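Please walk me through this structure in the viewer, one selection at a time. Tell me what to pick and what is found there.

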Amino acid sequence: MELLEFDYPSAVRRVTRKAHVGVVGSGDMEVLMEPAEQHGAHVSIRTSVNGFGGIWKAVLDRFFARYDGAVRIHINDAGATPGSVMLRLEQAVEVIER
Amino acid sequence: MSTPIAAPAFVNRHSFIELDARARAQSLMDPGSWRELVGPFDRMESPWLPLQGIAPQSDDGCVVLKGTIAGAPSVVIALEGGFQAGSMGEVSGAKMSAALDLATQDSQNGKKTTAILLLETGGVRLQEANLGLAAIAEVMASMLALREHAPIITVIAGTVGCFGGLALAAGLSSYIVMTREARLGMNGPEVIEQESGIEEFDASDRGLIWAINGGEQRVAMGVADELVLDDAQKIGAAVQSYVKAGLPQVHRSQQVELYRRRIAALDASAQIDPLMLRQSWNTKTREGDTR
């Protein structure tokens, strides 16, 4: 298992809601998205699959290139592919911005 | 554009199996009536899985909703089959037994509260060993306390099914509703094959497995009460009918002598046939009824 942390200080738009989507099942993950307590967005990840920190960063960089919400994201991951990660993040945004 | 598409009814049904545990629980309750107890943002997760290199889940795979079903106070406790095969750990077990105990307390205080268990589980979570076993003992004790006051309705929808210690717990419930896709049994097929050999049980033979553990067989032999289609509305209607029915005159697990007689009457010298069990066991008669 690996713990990863990322910061996106430029995501500063306030959000007020929470979202929980996904299941920590094989090839899937859960996302907890909630308003950030501090400035910018913060992401913490616990993944059962080690050694993919660079790919996590690439997926999150792309996600925050389009999303500007000041959110705190926590991910519990059981081996979601980059495509699934992006879909789960977008699903969480759908819930939080609804 | 107005040409109607002739789709068979099952195409348009709202599958229950395809819902996750939280959505299943929500679909059974009166809309707007429920609130979740100890939800994902409370982060009551397993402290044991990360120590073994496994990512935990923020609700430990156990969803508890309190609200009403057909206007009656109810608690729905749903296990998430997608997370660690719905297995029972220290935290998920504590959530389940505490939710049942709250329902017992409410019932004793005059607010009769029915419990609905959505069991998709392989049983004890092996990574939590004795704590999972203890949790199942606590769940069973809590069920025995609650069923003095209000019914416990177990729904096994599939596709994980209900195995291990929680299959024993299911046996304590007042009613069991199953789909054709669901399975109910003590040891899972892979476990039997591993322990006793492929001659005893071939875990790759799906026909054999469903002929023994499947919902159709379990209802037909009288150890479960109702076979329903994988349809959220139909499962909801079945649950509502048992909520309204209230407690049964006698629980299945109280019929010790009936089942002892039935097991004693089996001829184990020849292979027992699932169809024969249906014919000889499903009398729809509960002990104490006149035959």
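The tour below goes from a whole chain to one helix and ends at the contact between chains.

**Chain B as a whole.** Keep in mind that this is a predicted model. Select chain B and show it as a C-alpha trace; along its principal axes the trace spans about 55 × 55 × 55 Å. The radius of gyration of chain B is 19 Å, which agrees with the value near 19 Å that a compact globule of 291 residues would have.

**Secondary structure.** Switch to a cartoon: chain B has 11 helices and nine strands. Of the contacts in chain B between residues at least 6 apart in sequence, 75% join residues at least 24 apart. Colour by burial next; buried residues account for 43% of the 291 in chain B.

**Helix α5.** Now select residues 165-172 of chain B, which form helix α5. This helix is largely enclosed by the rest of the structure, because six of its eight residues are buried. Show these as sticks: B:G165, B:L166, B:A167, B:A169, B:A170 and B:L172.

What do the buried residues of α5(B) pack against? Add these elements of chain B to the view:

- helix α4 (129-146)
- strands β5 (152-156) and β6 (162-163)
- strands β7 (175-179) and β8 (184-185)

**The side facing chain A.** Finally, display both chains. Here 13 residues of chain B are in contact with 16 residues of chain A. On the chain B side, the touching residues comprise seven nonpolar, four polar and two charged.

Conventions
Residues are numbered from 1 along each chain as its sequence is written. Chains are lettered from A and ligands numbered from 1 in the order in which they are written. This is a predicted model: local features need pLDDT of at least 70, side-chain atom pairs count only at pLDDT 80 or more; totals for chains, interfaces and linings use all residues. Two residues are in contact if their C-beta atoms, placed from the backbone, lie within 7 Å. Ala, Val, Leu, Ile, Met, Phe, Trp, Tyr, Cys and Pro count as nonpolar, Asp, Glu, Lys and Arg as charged, and the others, Gly among them, as polar. A residue is buried if 20 or more other C-beta atoms lie within 10 Å of its own, exposed if 12 or fewer, and partly exposed in between; C-beta atoms are placed from the backbone. Helices (H or I, at least four residues) and strands (E, at least two) are DSSP runs, numbered from the N terminus. The radius of gyration is taken over C-alpha atoms; the globule rule is 2.2 Å times the number of residues to the power 0.38.
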